[in-house]
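Work through the exercises below with the sequence and the model open beside you. Try each task before you read the solution under it.

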Amino acid sequence: MHRKFYRWHIWLGWLIGVPIILWTASGLLMVSQPIETVRGNHLRSEQPALDPIIPVVPVLEGRKAKSLTLQQTTNGPFWVIAYADGGKRRADAETGKLLPPIAAAEASALAIAARSDAAAIQSVAKFSAGKAPSDLRRDRPSWQVIFEDDARFYIDADTGELLAVRTQFWRVFDFMWGLHIMDLQTREDTSHPILIGSAALALFGSILGFVLLFTRGARKRRKRD
């Protein structure tokens, strides 16, 4: 019995060796930095306080609103209108008038204001909701503002909100997370047959190795007897 368990353990070791190495290496890298650093919180400036005004209800143009959120930027307060059909729009908080979508120059200014330190902009590009960059993880039209340190600030093209901050380390972290859950496409599926099967094999191999400790001891005692 010990010999059979030993053979199974060897073969399982070959099967689960690669997943275990990937899980260990990716997990080690992911815990090497605080999650706040990964998310780029150290690059985000503090949100300015709202001005003491009496806001005017925004014009909805006959569309049903899901929520109204009052926010503040360096240019003053504004409404973020989330429509029931999924769209978004911004409106002036003092007049209620709808504001136009964000242009490239304003997106750059908003990204600079959203950073806690001074950095030069390297490039600015606009993306539609259907062709959003993979690291944004949001189906929203956006401006991608890339700084000289390769940090990417995503500004909502409709509302001017800061959608995400992606640093170089975030992209490495994201790739390692994909390896960790064995999903390099969406990097979001944590329950699929390959991952479950690999984890089950790893668990079975570990239990089998633990059993071998006792069968080996019993085998040695029989030889002495």
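The exercises that follow concern a predicted model, and they go from its sheets to its core and then to single residues.

**Exercise 1. Describe the sheet of three strands: its strand order, its edges and its twist.**

Step 1. The strands of this open sheet follow the order β1-β2-β3, and their pairing is antiparallel.

Step 2. The edges are formed by β1, residues 65–73, and β3, residues 88–92, each of which pairs on one side only.

Step 3. From one strand to the next, the twist averages 25°.

Step 4. For a closer look at one pair, take β2, which covers residues 76–83 and is joined to β3 in the antiparallel sense over five bridges; in β3, the residue opposite F78 is D92.

**Exercise 2. Describe the sheet of four strands in the same manner, and find which strands stand at its edges.**

Step 1. This open sheet has the order β4-β5-β6-β7, again with antiparallel pairing.

Step 2. The strands at the edges are β4 (121–127) and β7 (162–166); each has a single partner strand, so one side of each is left without a neighbour in the sheet.

Step 3. The twist in this sheet averages 15° from one strand to the next.

Step 4. Between β4 and β5, which run antiparallel, there are six bridges, and two facing pairs can be located here: A125 stands opposite Q144 in β5, while I121 stands opposite F147 in β5.

Step 5. On the other pairing, β5 and β6 also run antiparallel and are joined by five bridges, with Q144 opposite Y154 in β6.

Step 6. The hairpin of β5 and β6 has four residues between the strands, and in this hairpin D150 takes a positive phi near 70°.

**Exercise 3. Which helix packs on the sheet of four strands, and how do the side chains of β5 point?**

Step 1. The helix is α3, which touches β4, β5, β6 and β7, and whose direction makes about 55° with that of β5.

Step 2. Next consider β5, which is mostly covered, since six of its six residues are buried.

Step 3. Sort these residues by direction: S142, Q144 and I146 point one way from the strand, whereas W143, V145 and F147 point the other way, and all of them are buried.

**Exercise 4. Find which residues of the largest nonpolar core touch the most other members, and which elements contribute to this core.**

Step 1. The core has 15 residues, and those that touch the most other members are I102, A111, W143, F147, F153 and I155.

Step 2. Two or more residues come from each of α3 (104–114), β5 (142–147) and β6 (152–156), and α3 gives the most, with four residues.

Step 3. As a general background, nonpolar side chains in soluble globular proteins tend to be buried together.

**Exercise 5. Characterise the one aromatic pair of the structure, and say whether its two members are buried or exposed.**

Step 1. The structure holds one aromatic pair, made by F147 and F153, whose ring centres are 5.2 Å apart and whose planes are at 75° to each other.

Step 2. Planes over 60 degrees apart count as edge-to-face, and the pair of F147 and F153 is therefore edge-to-face.

Step 3. Buried means under 20% relative accessible area, so F147, at 1%, counts as buried, and F153, at 0%, is buried too.

Step 4. Beyond its neighbours within four places in sequence, F153 is in contact with several residues, among them L43, A111, W143, F147, L162 and V165.

**Exercise 6. Over which rings do R63 and R166 lie?**

Step 1. R63 lies over the face of Y83, and its distance from the ring centre is 3.7 Å.

Step 2. R166 lies over the face of W170, at 4.1 Å from the ring centre.

**Exercise 7. Where is E61, and is this residue buried or exposed?**

Step 1. E61 is found in the loop between α2 (35–38) and β1.

Step 2. The relative accessible area of E61 is 57%, and because exposed means over 50%, E61 is exposed.

Step 3. Not counting residues up to four places away in sequence, E61 touches R89 and L98; E61 and L98 are 37 residues apart in sequence, yet 9.2 Å apart in space, C-alpha to C-alpha.

Conventions. Residues numbered from 1 in each chain as written. Predicted model: local features only at pLDDT ≥ 70, side-chain atom pairs only at ≥ 80, totals over all residues. Heavy atoms only, no water. Phe/Tyr/Trp six-rings, centres within 6.5 Å; stacked < 30°, edge-to-face > 60°. Buried < 20%, exposed > 50% of the residue type's maximum accessible area, 1.4 Å probe, protein only. Lys NZ or Arg CZ within 6 Å of the ring centre and 35° of its normal. Core = buried A, V, L, I, M, F, W, Y, C linked by side-chain atoms within 4.5 Å. Contact = heavy atoms within 4.5 Å. Pairing = 2+ DSSP bridges. Axes fitted to C-alpha atoms, helices over the stretch in contact; angles between N-to-C directions.
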